[in-house]
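Visitor: Please give me a close look at the backbone in the loops, and then relate what you find there to the rest of the chain.

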Amino acid sequence: MTEKIATRVASISNRSEPLLGSGGGSATQHSKVWRWGSDNMLPSALSLLARRSVAHRRIINDKADYIAGKGVVCNERNRLLVHFIDSVNGDGESMRSVISRLAMDEAMFGNAFMEVVTDSHHSFLSFYHIDASKCRISSDSQDVVIHHDWSSFTPSEAKSLPLYPRFEASVDGTLRTVVHYKEYEPMFSHYGVAPYIAGLDAAAIVYKTDRWNISRIDNSFQLSGVMMLDGVVESEDEADRLVRTAEEKFGGRPGQVLFVLRGDRSTDSTSRFIPIDTTSDGDWQSLHTQAESDLVVAHSWFRSLSGLDYSSGFSTDRILHEYEVALNTVILPKQAQLLEPIRRIIEEVMGVEASSLEIVNRPPSRSKPQYMRVWEARKADGLEYDESDPEQQLFLAELGRSSSRKTQGE
């Protein structure tokens, strides 16, 4: 599986000619797209890997949750913007809900797509998340082609939407465009690359070591080995039938015991089992642990924020320290990337100043007293605050004098 995924990843880069979408179809303006992977099915492979590898999926989930934050806030005096945050589309979804799905797609695929809907009078604005696995970039790199199943592509079932900032009129009279978020990677122009690309092998190892343990349980922890069966058969079909019967009755999980039918009576004719002694359990555990560590590094993430170190003790200080590093190196930059086009579109379409729009961040454990000034809480949550505000300066001065008096008293 890992080799197939690596092959698909290597084939995302620019090609001299656009390639026909999987499944072919009649020649229409939607029939040619830039393939996402060698067979145009890389998102399916990455999704499957994420569903099978435990640590890999946990890191993706946690990164998406932290990037989506605890909600989206803005200047409360801007009532129109406050209302829009609570319901950004006709389905009644909040902005945080849409952002969380975008963050999940970008963490898993390195790409995310958001549909923007308005009308010629700019009387409304809606944001919709589009499942990235259903999207491909058109041959002219001007549109996003959306299809429900790219393994059996038919142009008649596909629809095309223009890439932002170009809007196009739809049959229902609305104007629509799609914002394409993508992870930058040199040599890759049409699609972004998953941020954990260097950790595909590590994710596969974590999955395969878990599967190996499952196979041992299925086989009741019986020794693997070779079963030498003595017997003379008259045809290959009879030999195959005999071996299959033995596997079904005595072999446990197929592959744990190799059955060999021996028809030469000139040697020892006794049927016997030759065990394969496995004494490398420790090596498998080390391999699993090393793969988990490599996977965390590949994701540019931290072990304590993914629950991988809880077995060795719950260290609040370490969690808060790593959260602070993650906040400034991963979370805030990703949030800025997601919010930048959202702010711009709100200002262009609604004519509303949206610079106050921001995502609320909170550490996984409490690191501050229950009662704080607003600017202290904003600083602790990684939000902007006004250091030059006179009230804050006065408060800091009082804290300094109080600390000085305590020192002198001691």
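Guide: A residue counts as buried when its relative accessible area is under 20%, as exposed when that area is over 50%, and as partly exposed in between. The model under discussion is a predicted one. With these cut-offs, Ser141 is partly exposed, because its relative accessible area is 27%. Ser141 belongs to the loop that joins β6 (135-138) to β7 (143-146). Its phi is positive, about 60 degrees, although the residue is not a glycine. The value deserves a remark because most residues other than glycine have a negative phi, and most peptide bonds are trans.

Asn40 provides a second example. The loop that holds Asn40 runs between β2 (32-34) and α2 (42-52). Here phi is near 70 degrees, again a positive value in a residue other than glycine. As to solvent, Asn40 counts as buried, because its relative accessibility is 0%, whereas Ser141 is partly exposed at 27%.

The loop between β8 (159-162) and β9 (168-169) contains Pro165. The peptide bond that leads from Tyr164 into Pro165 is cis, and its omega is near 20 degrees.

A glycine with positive phi can be set beside these residues. Gly351 follows α9, and its phi is near 70 degrees. Helix α9 itself covers residues 316-350 and has 35 residues. A straight helix of that many residues would span 51 Å at 1.5 Å a residue, but the end C-alpha atoms of α9 are only 44 Å apart. The helix has a kink of about 50 degrees, with its centre at Leu327.

From α9 the view can move to the interior. Two cavities of 30 Å³ or more are present in the structure, and the largest holds about 70 Å³ of space. Its lining consists of Lys63, Ile67, Ala103, Glu106, Ala107, Glu183, Pro195, Lys334 and Leu338. Two or more of these residues are contributed by each of α3 (54-68), α5 (95-109) and α9. Helix α5 gives the largest share, three residues. Sorted by class, the lining has five nonpolar and four charged residues, and no polar ones.

Another buried position lies in a strand. Ile130 is part of β5, which covers residues 126-130. Ile130 counts as buried because its relative accessibility is 8%, under the 20% cut-off. Apart from neighbours within four places in sequence, Ile130 is in contact with Asp105, Phe113, Glu115, Cys135, Ile146 and Val178. Ile130 can also be placed relative to Val98: 32 residues separate the two in sequence, and their C-alpha atoms are 9.4 Å apart in space.

These details belong to a chain with 11 helices and 14 strands. Of its 410 residues, 43% are buried; Asn40 and Ile130 are among them. Among contacts with a separation of 6 or more, 65% join residues that are 24 or more positions apart.

To return to the loops, the backbone features to inspect are the positive phi at Asn40, the positive phi at Ser141 and the cis peptide bond from Tyr164 to Pro165.

Notes
Residues are numbered from 1 along each chain as its sequence is written. This is a predicted model: local features need pLDDT of at least 70, side-chain atom pairs count only at pLDDT 80 or more; totals for chains, interfaces and linings use all residues. Side-chain values use heavy atoms; hydrogens and water are left out. Helices (H or I, at least four residues) and strands (E, at least two) are DSSP runs, numbered from the N terminus. The expected span of a helix is 1.5 Å times one less than its number of residues. The bend at a residue is the angle between axes fitted to the seven residues ending there and the seven starting there. On a 1 Å grid over the protein atoms alone, a cavity is a set of points where a 1.4 Å probe fits but cannot get out, and a pocket is an open set with protein on both sides within 12 Å along at least five of seven lines; lining residues have an atom within 4 Å of a point. Grid points are joined across faces, edges and corners, and a volume is the space filled by probe spheres set on the points. Ala, Val, Leu, Ile, Met, Phe, Trp, Tyr, Cys and Pro count as nonpolar, Asp, Glu, Lys and Arg as charged, and the others, Gly among them, as polar. Buried means under 20% relative accessible area, exposed over 50%, partly exposed in between (1.4 Å probe, protein chains only). Contact means heavy atoms within 4.5 Å.
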